[in-house]
Amino acid sequence: MDIILLGPPGAGKGTQAQRLVEHHGMLQLSTGDMLRETRKADTELGHKVADIMDSGGLVSDEIVSAMIDAKLADMGPETGAIFDGYPRTAAQADQLDDILARHGRKLDHVIELEVNEEALVERITGRFTCANCGAGYHDVFKQPATPGVCDKCGSTEFKRRPDDNEETVRKRMQEYRGKTAPILPGYEQRGIVSRVDGMDSIEDVTHAIDAILTR
Ligand code: AMP
């Protein structure tokens, strides 16, 4: 089963994708994570990607679609894919259709996480992760049990994404409204869109998604 998690930055796509990986053995394909790897490289592409990400703009459709294509080429047909942060434009949505067809796969669900944008700014600007194991935390909503120590691995190193500042977040939301939200009607026509209240607790959102996947 292949699904898209759609929603503005901070809607909880990454969190829910990780839970789907744990519960259903699916694979999370996050173009944001892939690009964060790309930007680490001291190459022309790495620098270009870093500049675009830090501005809150979108990396080219060809680059991200090629990344997804390569990941799917390595995946067995029995493993479900969770597209997280992809597609983000109409061109990417078309490219995904072609890529899936080429790999003999099909899209089963597009799950939109509906959220209140103002609350998202607070969610995003407060989030941080363990630098060692990647566990997610938040200044207000989810501090580690022992301050400064990761609950999962005990590390004391944490990091924040450079694009999680208010100015970049607002630009990322603008990109979502202008370029990503318009791809929904096409999926609606195919009857594969479900909506979930992304303002509910992480647990409740997971239950709602599980109910969609098993119906
Ligand atoms: P994310 O981790 O999904 O919030 O993505 C972080 C940043 O990576 C975005 O603000 C974009 O600059 C870039 N990015 C991630 N996925 C895509 C995509 N599918 N198309 C274009 N740019 C992307």
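**Exercise 1. Work out how the three-stranded sheet is put together, and which of its strands sit at the edges.**

Step 1: get the order. In this predicted model, three strands make an open sheet that reads 6-5-7, and the pairing is antiparallel.

Step 2: pick out the edges. Strand 6 (136–138) and strand 7 (158–159) each pair on one side only, which makes them the edge strands.

Step 3: check one pairing up close. Strand 5, residues 127–130, meets strand 6 in the antiparallel sense over three bridges. For a register point, take T129: its bridge partner in strand 6 is G136.

**Exercise 2. Classify the ring pair Y137 and F158, and say which parts of the chain the pair ties together.**

Step 1: start from the count. There are four aromatic pairs when ring centres must lie within 6.5 Å.

Step 2: apply the geometry. The centres of the Y137 and F158 rings are 5.8 Å apart and the planes are at 80°, so this pair is edge-to-face. The cut-off doing the work here is that planes over 60 degrees apart count as edge-to-face.

Step 3: place the partners. Y137 belongs to strand 6 and F158 to strand 7, so the contact ties together parts that are 21 residues apart in sequence.

Step 4: look at what surrounds the pair. F128 joins Y137 and F158 in one aromatic cluster. Y137 also has a charge for company: the charged end of K142 sits over its ring, 5.6 Å from the centre.

Step 5: compare exposure. Y137 is buried at a relative accessible area of 4%, while F158 is partly exposed at 24%.

**Exercise 3. Lay out the five-stranded sheet, then trace the neighbours of I82 in strand 3.**

Step 1: write down the order. The strands run 2-3-1-4-8 in an open sheet with parallel pairing. Its edges are strand 2 (27–30) and strand 8 (193–197), each pairing on one side only. From one strand to the next, the twist averages 25°.

Step 2: pair strand 3 on both sides. Strand 3 (residues 81–84) runs parallel to strand 2, with four bridges between them. Strand 1 (residues 2–6) is also parallel to strand 3, this time over three bridges.

Step 3: find the residues opposite. I3 stands opposite I82, and so does Q28. One further register point is L29, whose bridge partner in strand 3 is F83.

Step 4: sort the side chains of strand 3. A81 and F83 point one way, I82 and D84 point the other way, and all of them are buried.

Step 5: finish at the edge strand. S30 is found in strand 2 and is buried, with a relative accessible area of 6%. T89 is 59 residues away from S30 in sequence, and the two are 15 Å apart in space, C-alpha to C-alpha.

**Exercise 4. Show where the buried residues lie around helix 4, then do the same for helix 9.**

Step 1: check the span of helix 4. This helix (residues 61–73) has 13 residues and reaches 18 Å from first C-alpha to last, close to the 18 Å expected at 1.5 Å a residue.

Step 2: list what is buried. In helix 4 those residues are D61, V64, S65, M67, I68 and L72. Looking down the axis of helix 4, they fall within an arc of 155°, so they line one face. A reminder on the spacing: with 3.6 residues a turn in an α-helix, residues three or four places apart point the same way.

Step 3: turn to the opposite face. Away from the buried side, helix 4 carries the exposed residues E62 and A73.

Step 4: repeat for helix 9. Its twelve residues (202–213) reach 17 Å from first C-alpha to last, close to the 16 Å expected at 1.5 Å a residue. V205, T206, I209, D210, I212 and L213 are the buried ones. These cover an arc of only 160° around the axis, so they sit on the same side of helix 9.

**Exercise 5. Is D151 buried, partly exposed or exposed?**

Step 1: locate the residue. D151 is in the loop between strand 6 and strand 7.

Step 2: read off the class. Its relative accessibility is 45%, so D151 counts as partly exposed; the exposed class would need over 50%.

Step 3: add a distance. A135 is 16 residues from D151 along the chain, and their C-alpha atoms are separated by 8.2 Å.

Methods: Residues are numbered from 1 along each chain as its sequence is written. This is a predicted model: local features need pLDDT of at least 70, side-chain atom pairs count only at pLDDT 80 or more; totals for chains, interfaces and linings use all residues. Side-chain values use heavy atoms; hydrogens and water are left out. Two strands pair if DSSP finds at least two bridges between them. Helices (H or I, at least four residues) and strands (E, at least two) are DSSP runs, numbered from the N terminus. Rings of Phe, Tyr and Trp (its six-membered ring) pair if their centres lie within 6.5 Å; planes under 30 degrees apart count as stacked, over 60 as edge-to-face and the rest as tilted. Buried means under 20% relative accessible area, exposed over 50%, partly exposed in between (1.4 Å probe, protein chains only). A charge sits over a ring if NZ of Lys or CZ of Arg is within 6 Å of the ring centre and within 35 degrees of the ring normal. Axes are lines fitted to C-alpha atoms, for helices over the stretch in contact, and angles run from 0 to 180 degrees between N-to-C directions. The expected span of a helix is 1.5 Å times one less than its number of residues. The arc is that of the directions from the helix axis to the C-beta atoms.
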